[in-house]
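User: Please take a close look at one part of this model and then connect that part to how the chains meet and to what fills the interior. I am new to this structure, so a careful walk through would help.

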Amino acid sequence: MNLNILHEKKVDGGELLTISGELDAYTAPKLKETILPLVDVERASVTLDLKDTDYMDSTGIGVIIAAYKQSCKRNGTLVVQNLTPRVSRLFDITGLSEIITIDDIKKEETT
Amino acid sequence: MNIAPNRVEIHNEWDIVRARQSGRERAKELGFGHVDQARIATAISELARNIYLYAKHGEIIISVIDGEKRGISIIAEDNGPGIRDLRKAMEDGYTTSGGLGAGLPGVKRLMDDFDIVSEEGQGTKITAKKYLR
Amino acid sequence: MIDHKELYQHYRKLLIEHMERKSEKTLYNGQLFSRQMMENGVSPEDVLSLHIDVIKEFYPHMDEKFQSAFDFLLEAMIGYGLAYREHQNLRYKQRQLESEIDIAADVQQSLLVGEVPHYDFLDIGVISRPAKRMSGDYYHFVKDEQNCLSVAIADVIGKGIPAALCMSMIKYAMDSEPEQRTKPGAVLENLNRVVEQNVDPSMFITMFYGLYNESQHRLYFASAGHEPGFYYSSNKDEFQELIAKGRVLGLDRSTKYREYEKNIDVGDMVILFSDGVTECRTEKGFIERDEIVRLIRQRMHLSSQEIVDGVYKELERLQDFQLRDDFTLIILKREV
């Protein structure tokens, strides 16, 4: 079980984290260490791309919640994009999809 | 027997070897057996290595204890970053250099007496002693 | 500690026996000796040193290079000796920690395990098993004066000790607000504020809270991001998702929780569980919700307790007896 995090700067200056693999109790700390410093900057814009995240459990959701809360505190924006159906369901059940901006680039491309 | 303390400055890995050698010779002169000589050399090695890795420069002072009990004393002193959490550094299984059983608890086990004083930002002084049985 | 001289004599005797007679028996003696050494905390370098001393006694004019080779080996063994002693100490510490955890787990059990109330009209079955020693799952049943039953199931993110500590907090928060028990939405709103104030930002809790009204045979419920349960309609003979929307506890302090209701007819079932049930993982992948329905359906002729026990056993077996997450499954079946 592995988690890879690719960190890029977007053209507009925002931070883009692309995550691939499994986000669970063992790998979530790795994402936490990467994302928390990024959102802990005034008005930071951070995008989390989950198109290659095959699996996420509640620990993964916990990290995203922590990042969201910190981002709100620092007046930043946190966008999550390209959720797989399984992850998307998790966002719906937990109510996260109501408060975190979710972009679905894949859908836009195909339509 | 020459009982003046022997000082070895630690700047690079070769100095670690010199410190070990000096300690082993002194231990041999004092009459420590083979295993204890090896233990003393290993302890010096660990201490010198810590200086080399974390403080960059420092000194190992090897001297003879000539009191009621005879033995060898090793002092490792540096002006490096110091150790923030001594309790943690003395805990088994906690090591930043990845060695099994090594580190400061290892040195403490190899020797009979162990004392450490460290101030963050100022440096560390470790005194370790082993007595002849 | 064994006396060094005694040790030397013993080792010398065994080694000579072996050198002169060389048999499986003399080797076996060597194995027994090593066990005895370990029991007495003798390090590998000490054993090697005994060996060198005995050899030297027999070959006083040992080749110098041969002698140096022994010295080299001795040096190499010092590190093993340290690792060995560290291991001994860590084992001791581990035993200490384990007994501490055992006590904590007992304390938690006494908090967690509430009595399951008994009703003529309702058959209740519960099973709750931690993945490790302590559980982050929580459930409770309370029977009130009007013969209403309140049922709660909660799942603290993560597992083990941190989740268990958090769970204890929930338990006390629940106990301290008896007057609101009749309003599931209000219960969750209060708990949400408690959790939001007291818990680490990456910690959250999901909860389903329901109130079964006996005179109406209606279930009022609300959910804070909890894995949806099932409702079984005996009339239609079908399982439906027990859908209730609501944010997880601890996400946003001003969250309001919508209250839902469902009529429960004779033979109907309400099935509640933690995500440890749906996150069951087997070699073939995740257990789908349909699979859970299938397992329940196979056992519908049994009592609620027999159903939950049976489903647990089946899922435990499918996962090779290794639970990845805390597991809680509750079934309420209306009898009359």
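Analyst: Helix α2 of chain C, a DSSP run (H or I) of at least four residues numbered from the N terminus, covers residues 24-39. Its 16 residues reach 23 Å from first C-alpha to last, close to the 22 Å expected at 1.5 Å a residue, the expectation being 1.5 Å times one less than the number of residues. The model is predicted, so local features need pLDDT of at least 70 and side-chain atom pairs 80 or more, whereas totals for chains, interfaces and linings use all residues. Residues are numbered from 1 along each chain as its sequence is written, and chains are lettered from A, with ligands numbered from 1, in the order in which they are written.

α2(C) is hardly covered, since the count of buried residues (20 or more other C-beta atoms within 10 Å of the residue's own, placed from the backbone) among its 16 residues is zero. α2(C) is followed by C:Gly41, whose phi is positive, near 70°.

Turning to the chains, two pairs are in contact (C-beta atoms, placed from the backbone, within 7 Å), and of these chains A and C share the most contacts. No contact joins chain A and chain B, whose closest C-alpha atoms lie 19 Å apart. Between chains A and C, 16 residues of chain A touch 18 residues of chain C. On the chain A side, α2 (58-73), α3 (85-94) and α4 (96-99) each give two or more residues, and the largest share, eight residues, comes from α2(A).

α2(A) also packs within its own chain: its axis and that of α1(A), residues 28-39, come within 10 Å and cross at roughly 10°, which makes the two helices roughly parallel, the word for angles under 35 degrees. From α1(A) the contact includes A:Leu31, A:Ile35 and A:Val39, and from α2(A) it includes A:Val63, A:Ala66 and A:Gln70.

The interior brings α2(A) back into view. The largest nonpolar core, a set of buried Ala, Val, Leu, Ile, Met, Phe, Trp, Tyr and Cys residues joined through C-beta atoms within 7 Å, has 89 residues, and C:Ala152, C:Ile205, C:Met207, C:Ile330 and C:Leu332 touch the most other members. α2(A) gives the most to this core, with seven residues. Leaving aside residues up to four places away in sequence, C:Ile330 touches C:Val126, C:Tyr139, C:Val151, C:Ile153, C:Leu272 and C:Phe273. A second, separate core of 33 residues includes B:Ala19, B:Ala48, B:Ile51 and B:Ala128.

Terms used:
Buried ≥ 20, exposed ≤ 12 C-beta atoms within 10 Å, placed from the backbone. Axes fitted to C-alpha atoms, helices over the stretch in contact; angles between N-to-C directions. Parallel < 35°, antiparallel > 145°, perpendicular 65-115°, else oblique.
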